[in-house]
Each structure stands twice: as C-alpha cells, then as structure tokens.
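Here are some worked exercises to try with the model open beside you. Have a go at each task before you read its solution.

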Amino acid sequence: MPSPPIAARDERQRRFEEVYLAHRSSILGYVLRRTDNPDDAADVIAETFLTAWRRLEDVPCDAGARLWLYGVARRVLANHHRGVRRRSALTERLRADLATGYRPPEFDSGQAQIAEAFLRLPPAERELLTLSAWEGLDYGQIAVVLGCSRNAVRLRLFRARKRFAGELASCQTRSAHPGVHVTNGGLA
Amino acid sequence: MSQISRICPVTDAEAERIVRPATFADLGGRITASPAATADGTPGRPYPAAGSRARRRWLIGAPLAAGLAVVVLLVTWLASPAQRVGPVRVGPQVAQALSFTTSGRYITVIVRNPLADPTRYRAEFAAHHLDITLTLVPASPSLVGTLVYSGQSAGADITPITAQGRCYTGGGGSACPVGVRIPAGFRGQAQLAFGRAARPGERYETTAPATAPGEVMHGMRFQGDTVSQVLAMLRERDVTVPVFNYARQGYARNLSHVPGSWYVYDAAPWASQQVMLFVGPTKTPPAAKSPQPGTPVPSPTS
C-alpha cells in the first residue's frame, strides 16, 4: 500500500505526464525551428520540461500549458543564444535521435530570399512573426508567451510585418543568389 | 500561406517523427526522477528570468575546474539496501547518513546510508556549512552510485567527477558522472541526485538503456522481433515484463498484456530483473501524429 507521500508523488507524476504527452511535440517543434544544433535542442527541451516538473503548480491546466511552455522554452533558448550552454545527463538518447534524424532543410532561391529579408529584422520582431506564422498563435496567445498586452502584440506585429515586407522588396530588387544555403540555425 | 511560413524549417508532426517513443519516455522518466521540490517540501524556485545570473547546470562530460575544489562528494557507500554497514547492522535512525573525511585540500563525503531521509543529509551538510540537498533515487544497475541530476544556484560552480566506462548513458557514451567537486568556500545552494540500488520490486526512477553494459538486456538484439520471441529470450535471463508500453496517435499507455504477435520496438529497465517493452501491432513504430502549426493570423500587409 503506497504511503501518502508516494501517492502525492504519483499524482504529481500523472499530472506531469499529461502535460508532457500533450505538448512534447509542440515544444520539440518550437525548439527545432529555432536551432539546428541537436545538442542545444535536446538540452532546451529537457530544461523546459524540467522547469515544468519543478513548477508544476504554475503550469496552467488547459491549452494555456502550451503557451506557458513556449514562454519557458523561449527564455531557455535565449540563454543558449547568449552562450549559456548546459549539457544534460538527462538527454543522451534525445540528443542521439535528433543528431541522426534531423536535417535542416535547404532553401530554394525564393526561400533563401525570404530568409535573408527575415534575418535583417531585429530578434524581437523575428520572434513575433514566427510565433504567428510557425506556431500559429493569435495576438492574445502571443501576448501570453511574451508576457505583454494583446494590444502591444497587435501593434508590434503590424510594424514587424511592414518592416519585413520592406526588407523583402529590397531583397527582391537585388539579384537573386542561387545556391544560398540558409538553415534554420540562423533564423529566429 | 504567409511568406514566413514558407521558411518554416520543420512542423511539429515532422519533429515528433524524429524522436522515438522510447526516447520521449526515457526523458520523461528522467525528469520526474529529478528532485521536484526543496527538502522542506516547498516547490522549487521559480525559473530565473532571462538575464538572471541564477542558473541550473546539468552535468556530464563538462571539463573539471582545476585547483579550486576542496569538497568531493562520492556516493560510495558500504551499506546495501538492507542497511548493512560494514560488519555491523545498523538502523537508519542510528547510522550517520554521511561521513566527512578531510585529507589534504579535500573533504571526501561518503554516503553511508543511501536510504536515509533527505532531511538528514541536508542537516549533516548544514553542519559542515554546506547548503546541499541530496537525494538518492532507485536506479537501474549500471547507474547505481552515479550522478543523475545536479542543479545549483547563482555563482556556484560545482563540477562533475567522471569515470570513463563506469556507466553508459546512451548518446553520451561512457563518460560517467560519479561524483562532484565543490569549490572552496561554497556558499551557494545545490541539489544533487544519485542513483541507489532499488529495493526488491521497487520501480526505478532513473534508467540507463536496457542494453547498456550492466543492464539485464546487455548484448541482446530484439528490435523488430515479436513479443513472444523477446519474452522467450528474456525468460532465459530470468527477466520478466510487467508492463508493455503501447503508443497510439502519440499517446502512450501501459498495458499488462499484449498479443504475442505484436512487435517490440524498444525496452527500458523497469525494476530489478524487470523491463518495460515498447510494442505495437506493426513491425515498425507508426509515425506519431501531432498538431500541425495553426493557420497564420491575417497579416495587415498581405
């Protein structure tokens, strides 16, 4: 017969497993779209869910859990981009799967042009645009991930789209660069 | 489709197909085996905000800091799970949980009682002016005595002691973390978890690959074999299978019985002489389905 502490731990574990099963592919996708390094991706995914495990009481019960996890993954990824690297003993197998199974796509010239314009934008604007286009989030959902108001998201996204359109037009007037290889490691 | 969508490197569904269900299960199991709360029962500290100097470091294969370390923590206990310490049997309320031995510039901390209440470890570290939370979790055989989790507060620089070939952790190879070095004058907080031997029937909280050296399926090739074939091979090793993990549409469930004609995709240590098998009715695991990124919101500029 399990003792009360074990029962409490089992309940906690059950709740974590629900969150993990429901959202692991979303977080894996979010991270892989923003880094092409399998080691970094594995560590960010593990740290994101480890944070969820340690702060399970803060994880929203409904679909908000996905947005909460995006917010955590975003901060962990930002730390990685600043050079704060961790190598997790938790992620050996995930790292191996990603290293053997994931190849970032090579872009055709049209996509390379879009990527070039996109990379000219400040990181904050890239994040807004990708949360909308890649994760399919609306203004309110992006506001939750970024921790700002819906109205601020609407205005900033408007400006970002305008700036992106300008950069793209500027790229398109220059000659195309066939064979340019841009991977998602340089995006977002 | 917006222009930005055209350069989306990978969808959620494509990403999910890259990772084997057993790998997801392994990571989930390792996460839930790590300490979830502080020793006094309060939830863990909030995640540090971007830019904060607070950080958590997980350890494996990191370079050792030279010259600074004075405390070495090794889980090299003499006690078996039955609490036998040396020739004398002692109860957990009597035995000292940790021993501290000073030798030159190092203090070696040895775990005398791997089944002690974590609050006792904490108290004994505190008596040596160290704010360290140590837990020992039931581990599959090759991870007994190895470091399975390490977290630390801002400014701390605890580094691992690795022993080549002591354990095998999958993609990381054989650089096995077996202890930690704690810098001189350590005034931060640290949370450490080591693997301990499981009690009979106790479920492992941290596991190496089932086929790693020291594990019950070491040397076995079984992927793509039927459940019946694998169960027969396991019987020869006195290994039983209390749980079959069957993932359908991305959601895994644990079953106690499955048809013998099903196929085995992977395995994970479960408890002493027990493994969990990852199975399904098709010879290769079906690609898991997951939500696609949603429809982009209308763009004012498009």
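**Exercise 1.** In which loop of chain B is B:His129 found?

Solution. Two notes come first: this is a predicted model, in which local features need pLDDT of at least 70, side-chain atom pairs count only at pLDDT 80 or more, and totals for chains, interfaces and linings use all residues. Residues are numbered from 1 along each chain as its sequence is written, while chains are lettered from A and ligands numbered from 1 in the order in which they are written.

Step 1: B:His129 is in the loop between helix H4 (118–127) and strand S6 (131–139) of chain B. Helices (H or I, at least four residues) and strands (E, at least two) are DSSP runs, numbered from the N terminus.

Step 2: look at the backbone. Most residues other than glycine have a negative phi. B:His129 is not a glycine, yet its phi is positive, about 65°.

Step 3: count neighbours. B:His129 has 9 C-beta neighbours inside 10 Å and so counts as exposed. The cut-offs are 20 or more other C-beta atoms within 10 Å for buried, 12 or fewer for exposed, and partly exposed in between, with C-beta atoms placed from the backbone.

**Exercise 2.** Describe B:Gln273 by the steps used for B:His129.

Solution. Step 1: B:Gln273 sits in the loop between strand S13 (263–271) and strand S14 (274–280) of chain B. Step 2: its phi is positive, near 60°, and the residue is other than glycine. Step 3: B:Gln273 has 15 C-beta neighbours inside 10 Å and therefore counts as partly exposed.

**Exercise 3.** Work out how H6(A) and H8(A) pack.

Solution. Step 1: helix H6 (residues 123–133) and helix H8 (residues 150–173) of chain A have axes 9 Å apart, at an angle of about 100°. Axes are lines fitted to C-alpha atoms, for helices over the stretch in contact, and angles run from 0 to 180 degrees between N-to-C directions.

Step 2: that angle makes H6(A) roughly perpendicular to H8(A). The classes are roughly parallel under 35 degrees, roughly antiparallel over 145, roughly perpendicular from 65 to 115, and oblique for the rest.

Step 3: H6(A) brings A:Glu125, A:Leu128, A:Leu129 and A:Ser132 to the contact, and H8(A) brings A:Arg156, A:Leu157, A:Ala160, A:Arg163 and A:Phe164. Contact here means C-beta atoms, placed from the backbone, within 7 Å.

**Exercise 4.** Now treat H7(A) and H8(A) in the same manner.

Solution. Step 1: the axes of helix H7 (residues 139–146) of chain A and H8(A) come within 8 Å and cross at roughly 105°. Step 2: H7(A) and H8(A) are therefore roughly perpendicular to each other. Step 3: A:Tyr139, A:Gly140, A:Ile142, A:Ala143 and A:Leu146 in H7(A) meet A:Arg150, A:Val153 and A:Arg154 in H8(A).

**Exercise 5.** Which elements do the buried residues of H5(A) pack against?

Solution. Step 1: in helix H5 (residues 109–119) of chain A, the buried residues include A:Ala112, A:Ile114 and A:Phe118. Step 2: the buried residues of H5(A) pack against H6 and H8 of chain A, together with helix H1 (3–6) of chain B.

**Exercise 6.** Set the two chains side by side.

Solution. Step 1: chain A has eight helices and zero strands, whereas chain B has five helices and 14 strands. Step 2: buried residues make up 47% of the 188 residues in chain A and 45% of the 302 residues in chain B.

Terms used: Two residues are in contact if their C-beta atoms, placed from the backbone, lie within 7 Å.
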